[in-house]
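Me: I am new to this structure and would like to learn how to read its features. Could we go through them one at a time?

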Amino acid sequence: MIIGLIIVLVIIIVTLMIYNMSIHKKIQNFQNLNEKITSLNVLQDFMNTISEVTSVNEKIQKINEILIEKYQIKYSTIVVYDGAEYVVKASNVDEKHWDALRNLQNEDIFKDSITTATPKYITVEKEGERLPYQKMEFARAKSAMFFPLYVENVYIGYWIIEGGKPHEFDNIDTTLLEVIKNNIVSVLRTVENQQVIENIVRDDLFSQLKSAEYLFGEGKKTIDKYVTSTACLFKIINLEEINKTYSRETGNQLITEVSDLVKQNLSNEYIFVRYMGPKFAIVFSGIDLEAVTSFMKELKKRIENIEVETVNTKKVETVKPKINVVLSTYYKGTALEGLTKKLEEYIDEAPVEENTINYL
């Protein structure tokens, strides 16, 4: 009887152990699945940020905010080498600590991590201690994980997360953090071309306008406040002839006069740039094609009534500009550079004598 009872108890215990192991495995699988879902959601948020937020710096800052919110990280900082120096691209740490955070590549404790492209975890053992890279601060961070960032085997900077307690990251899933790090690298690669565009924006000497690149960077921030806008490209079709017949100085003066007149008649919400040579671009943010057509008809008349005296010529004469105009609708989320390229192709291929307003 007793032996039979013991056998029954053993069977029950073994069954419970198997059941508990099964439950534990299911919980573990659920946690892993949940982490994968979270990672996918975060990646989707990253992609949405790339398409919705305009400037490169805003995109990286937004991505950092997503990391902090989704993974409940106390401090997160992304530092990137810009070709001249290390720059804090995004951080929720007080700016008074940024000098230390942008020089972590010089800290001995992180040099092996950079060389081997592996994460580095450091922590204090008790409250009175501080992390090796902390020069002027004690209470802010007690543990940190450092992730070097590489693009095609080229070191470009690092991502560091910090916690307010000793050993805060002892049990964190480093595999998940590696995925996040790779996503950060992917985003940095994606916005690299945009960064180049933003850096080459220049002010034109004669028109005092931004160059075409401004449209696709900072200017797009204003344009994309609206679902639709109207893009306009106009060309001073007789500028080359004026330069040859009279002088380039006369042509430059004409560019200045035309630019000043257009600027005086545009709202601050409209983006006006010198596109290239005799070509200028305007994006009428949030304005439909019909309204812009009426406006451009009137503006075209006023532009073509401008009179400029010739410069550096034997006989002083006056010249007037003639312009050709092409318009099209721009939809938020589509390629603005692709649209302006089509407008440019049309206006360049139009007959030399064409002097009207056209639509694409």
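Reply: Let us begin with the overall fold, keeping in mind that the model is predicted. One may ask how far apart in sequence the residues in contact lie. Among contacts between residues at least 6 apart in sequence, 63% join residues at least 24 apart. The chain contains 11 helices and 13 strands, and 43% of its 360 residues are buried.

Me: How is a single helix to be read, for instance α11, and what distance separates its end C-alpha atoms?

Reply: One begins with its length. With 1.5 Å a residue, the 14 residues of α11 should span 20 Å, and the end C-alpha atoms are indeed 20 Å apart, so the expected and modelled values agree. Next one looks at burial. Leu 336, Leu 339, Thr 340, Leu 343, Glu 344 and Ile 347 are the buried residues of this helix. Viewed down the axis of α11, the buried residues fall within an arc of 140°, and therefore they line one face of the helix. On the other side, Lys 342 and Glu 349 are exposed.

Me: Which elements do the buried residues of α11 pack against?

Reply: Their partners are both helices and strands: α6 (213-216), α7 (218-223), β7, β8 (271-276), β9 and β12 (323-331).

Me: How should I read salt bridges, and how many does a search of the whole structure find?

Reply: One looks for a side-chain nitrogen of Lys or Arg within 4 Å of a carboxyl oxygen of Asp or Glu. The search finds 12 salt bridges in the whole structure. One of them joins the side chains of Lys 235 and Asp 348, with N to O at 3.6 Å. This pair links distant parts of the chain, since Lys 235 belongs to strand β7 (residues 228-236) and Asp 348 to helix α11 (residues 336-349), 113 residues apart. Asp 348 has a relative accessible area of 38% and is thus partly exposed.

Me: Where do Glu 344 and Lys 341 lie, and how many residues apart are they?

Reply: Both lie in helix α11, 3 residues apart, which is about one turn of the helix. Their side chains meet in a salt bridge, N to O at 3.8 Å. Burial is then judged for each partner separately. Glu 344 counts as buried because its relative accessibility is 8%, below the 20% limit. Lys 341, at 43%, counts as partly exposed. A wider view shows a network of salt bridges linking Lys 235, Lys 279, Lys 341, Glu 344 and Asp 348.

Me: Are Lys 300 and Glu 304 buried or exposed?

Reply: Lys 300 is buried, and Glu 304 is buried as well. These two residues form a salt bridge whose closest N and O atoms are 3.1 Å apart.

Me: How are aromatic pairs read, and how many are found?

Reply: One considers the distance between ring centres and the angle between ring planes. The search of the whole structure finds 14 aromatic pairs. In one of them, the rings of Phe 284 and Phe 295 have centres 5.7 Å apart and planes at 70°; the pair is edge-to-face because an angle over 60 degrees counts as such. Phe 284 lies in strand β9 (residues 279-284) and Phe 295 in helix α10 (residues 289-303), 11 residues apart. Phe 284 is buried, with a relative accessible area of 2%, whereas Phe 295, at 27%, is partly exposed.

Me: Which residues do ring pairs link into a cluster?

Reply: The cluster consists of Tyr 81, Tyr 86, Phe 110, Tyr 133, Phe 146, Tyr 150, Tyr 155 and Tyr 158. Tyr 133 also makes a polar contact through its side chain with the side chain of Glu 162, at 2.4 Å. Glu 162 lies in strand β5 (residues 154-163) and is buried, with a relative accessible area of 0%. Leaving out residues up to four places away in sequence, Glu 162 touches several others, including Ile 73, Val 93, Arg 140 and Phe 169.

Me: Where does Leu 360 lie, and which residues is it in contact with?

Reply: Leu 360 lies in the segment after β13 (357-359). With neighbours within four places in sequence set aside, Leu 360 is in contact with Val 326, Leu 327, Ser 328, Lys 342, Leu 343 and Tyr 346. The C-alpha atoms of Leu 360 and Ser 328 are separated by 5.1 Å, although these residues are 32 residues apart along the chain. Leu 360 is partly exposed, with a relative accessible area of 49%.

Key. Residues are numbered from 1 along each chain as its sequence is written. This is a predicted model: local features need pLDDT of at least 70, side-chain atom pairs count only at pLDDT 80 or more; totals for chains, interfaces and linings use all residues. Side-chain values use heavy atoms; hydrogens and water are left out. Helices (H or I, at least four residues) and strands (E, at least two) are DSSP runs, numbered from the N terminus. Buried means under 20% relative accessible area, exposed over 50%, partly exposed in between (1.4 Å probe, protein chains only). Rings of Phe, Tyr and Trp (its six-membered ring) pair if their centres lie within 6.5 Å; planes under 30 degrees apart count as stacked, over 60 as edge-to-face and the rest as tilted. Contact means heavy atoms within 4.5 Å. A polar contact is a pair of N or O atoms within 3.5 Å; within protein, one must be able to donate a hydrogen and the other to accept it, and residues adjacent in sequence count only if both atoms are side-chain atoms. The expected span of a helix is 1.5 Å times one less than its number of residues. The arc is that of the directions from the helix axis to the C-beta atoms.
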